[in-house]
Amino acid sequence: GLDIGELSQRPLAEVAGLLAPAAKGHAHRGDGHPEQAIAAQRIAEDLLARIAILQDLGLGYLTLERSTPTLSPGELQRLRLATQIRSQLFGVVYVMDEPSAGLHPADAQALLRALDQLKAAGNSIFVVEHEIDVIRHADWIVDVGPAAGERGGQVLYSGVPAGLDQVAVSLTRRYLSGSQASVRSRARTPTASLQLRGITRNNVEDLDVEIPLGVFTTVTGVSGSGKSSLISQALVELLSDHLGQARDQGDDDVDPLERGAEVPTGGHIVAGLEHVRRLVRVDQKPIGRTPRSNLATYTGLFDHVRKRFAGTPAAKKRRFDAGRFSFNVAKGRCDTCEGEGSVSVELLFMPSVYAPCPTCHGARYNAKTLEIELRGHTIAQVLAMTVTQAADFFAGDAAVLRPLQVLIEVGLGYLRLGQPATELSGGEAQRIKLATELQRAQRRDTVYVLDEPTTGLHPSDVDTLLRQLHGLVDAGNSVVVVEHDMRVAAGSDWIIDMGPGAGHEGGRVIAQGPPDKVARARGSRTAPFLRAELASG
């Protein structure tokens, strides 16, 4: 009795229930046209088979009309997986880059079942992954390291999982074996709380919830349970409006025609706002969209470096100011590439390619500027240094050394100072933002919001990140993290678990409190995984 418009607004799980009678041949056969009933039965059977795969992958809450831009990367990846399973191909090599990103451990189990189906059909699967449970499920492990950047790039081990335990230099080995101690909280108690009332956003409807302040809070729940709607959207927007801060305009990469209508947040923060002076959202968006933006310029480090070069006797003699040592200013940069370091080569009928500048050979500066040296190094050579090398070079200069030390503390010592922003991963961009925040004079009563900060991070990098976030809380601030990683949840002071399911089945607070309390909560899909993590730590 439903038309296609009404059907498209129902969740897939509900559509499956409506199609079940037709698939079993119980549909109305019409007036003497049995062939119509047979055709309807076959179509219903095919649709049910497709929906069954999506349900097994934990996507039964999606509606048929759900637009692609509103799907999370994890949802999109599982949709693509479903089409591959349904295709019943064999002899195919599937390459996946972090398929567990954005997935709750319960959803990751469904992902592993799907990968097993593809493998059983006669396919080969190559997965780049940081999630320990996914790595444990593999038949063969290739471990690359030992560290990052210039200190990486070596294959440390290639073989069955059990053999990795013999590779002493492997960081992955420590987490697979469980020998690496987890970063645990200081068992802090909330100093106050933000009281949210009547919050309505996406699948969160008329929700009352308290966000504790002065502690490290992790918001957990299955994919699609409403975590990001509550924290990254509702909480961030309500706090931004109260503090008079500009709202985040969303993803600039999405075509304006594909963007959905602006959805206003319903509800209010009725108490606790007097304890918040500032809001900082640390996301994984790029720190710049052109090669002109880099780690040194974003952190403000480059301003100090340019002043040091302008202060040399040779620069003073030639009256070179700090602006002379910027590759964005005409007087100091190479005229050929205009400070880009590379030139675009136009190719007919093919995309343009970039080649090193024939004049400066990638140095970005003109010859006169490169004649100025600071302790035997030109400005281009300093930009080519890694953060660790630069920390040694500027060891006696507190103003330059401070931001470099913070970058090393968040695990980014391997990056080059002049590395273009376009070459940085989302995880690297997020840690650069965090390091920039950490090097500032610490102000109390700041709320830091991070949405899945462990995406793309090895467990050792996750531990480094956790130590920095706990440091922010120790300084008198509040950290609220939307996260699926149980190491993060177990290491926090407070957990808010959303659910119980996804979509219309979610949007409610199932449990909240210290990790050991939430681990015992009934009806929580997070509790069993949290319990296991607490027991192993």
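**Two open sheets, a shared helix and a nonpolar patch**

Val353 sits in strand E11. In this predicted model, Val353 comes out as partly exposed, since its relative accessible area is 38%, a value that falls between the 20% and 50% cut-offs for buried and exposed. Val353 also belongs to a nonpolar surface patch of about 660 Å², together with Val345, Leu347, Leu348, Phe349 and Met350. Two strands feed this patch: E10 (342-347) and E11 (350-356) each contribute at least two of the patch residues.

A rather different picture comes from Ile379, which is found in helix H13 (residues 379-383). Ile379 counts as buried because its relative accessibility is 0%. Setting aside neighbours within four places in sequence, the residues in contact with Ile379 are Phe302, Val305, Phe309, Phe325, Tyr365, Thr369, Leu370 and Ile372. As for Val222, 157 residues away along the chain, its C-alpha atom is separated from that of Ile379 by 49 Å.

Next come the sheets. Strands of a sheet pair through backbone hydrogen bonds, and the pairing can be parallel or antiparallel. One open sheet here has three strands in the order E6-E5-E8, paired in the antiparallel sense. Strand E6 (204-213) and strand E8 (266-271) take the edges with a single partner strand each, so one side of each has no neighbour in the sheet. Going from one strand to the next, the twist averages 15°. Strand E5 (residues 192-201) is joined to E6 by seven bridges, and the two run antiparallel. Across this pairing, Leu196 stands opposite Val209 in E6. Helix H8 (residues 227-243) packs on this sheet and touches E5, E6 and E8, with its direction at about 110° to that of E5.

The other open sheet has six strands, arranged E9-E12-E13-E7-E14-E15, and its pairing is mixed. At its edges are strand E9 (278-281) and E15, each of which pairs on one side only. Ignoring direction, neighbouring strands of this sheet are turned by 15° against each other on average. H8 turns up again here: the helix packs on this sheet too, touching E7, E9, strand E12 (446-451), strand E13 (478-482) and E14, and its direction makes about 140° with that of E9.

Strand E14 (residues 494-499) shows both kinds of pairing. With strand E7 (residues 216-220), E14 runs parallel, and four bridges join the two. Among the paired residues, Thr217 has Trp494 in E14 as its bridge partner, while Thr220 is partnered by Asp497 of E14. With strand E15 (residues 508-513), E14 pairs in the antiparallel sense over five bridges; Met498, for one, stands opposite Val509 in E15. E14 is also mostly covered, as five of its six residues are buried.

Taken together, H8 links the two descriptions: the helix touches E5, E6 and E8 in the three-stranded sheet, and E14 is one of the strands touched by H8 in the six-stranded sheet. The three-stranded sheet is antiparallel, whereas the six-stranded sheet is mixed.

Methods. Residues numbered from 1 in each chain as written. Predicted model: local features only at pLDDT ≥ 70, side-chain atom pairs only at ≥ 80, totals over all residues. Heavy atoms only, no water. Patch = residues over 30% accessible without salt bridge, like charges linked within 9 Å, V, L, I, M, F, W, Y side chains within 5 Å. Areas by Shrake-Rupley, 256 points an atom, 1.4 Å probe, with all protein chains shown as cover. Salt bridge = Lys/Arg side-chain N within 4 Å of Asp/Glu carboxyl O. Buried < 20%, exposed > 50% of the residue type's maximum accessible area, 1.4 Å probe, protein only. Pairing = 2+ DSSP bridges. Axes fitted to C-alpha atoms, helices over the stretch in contact; angles between N-to-C directions. Contact = heavy atoms within 4.5 Å.
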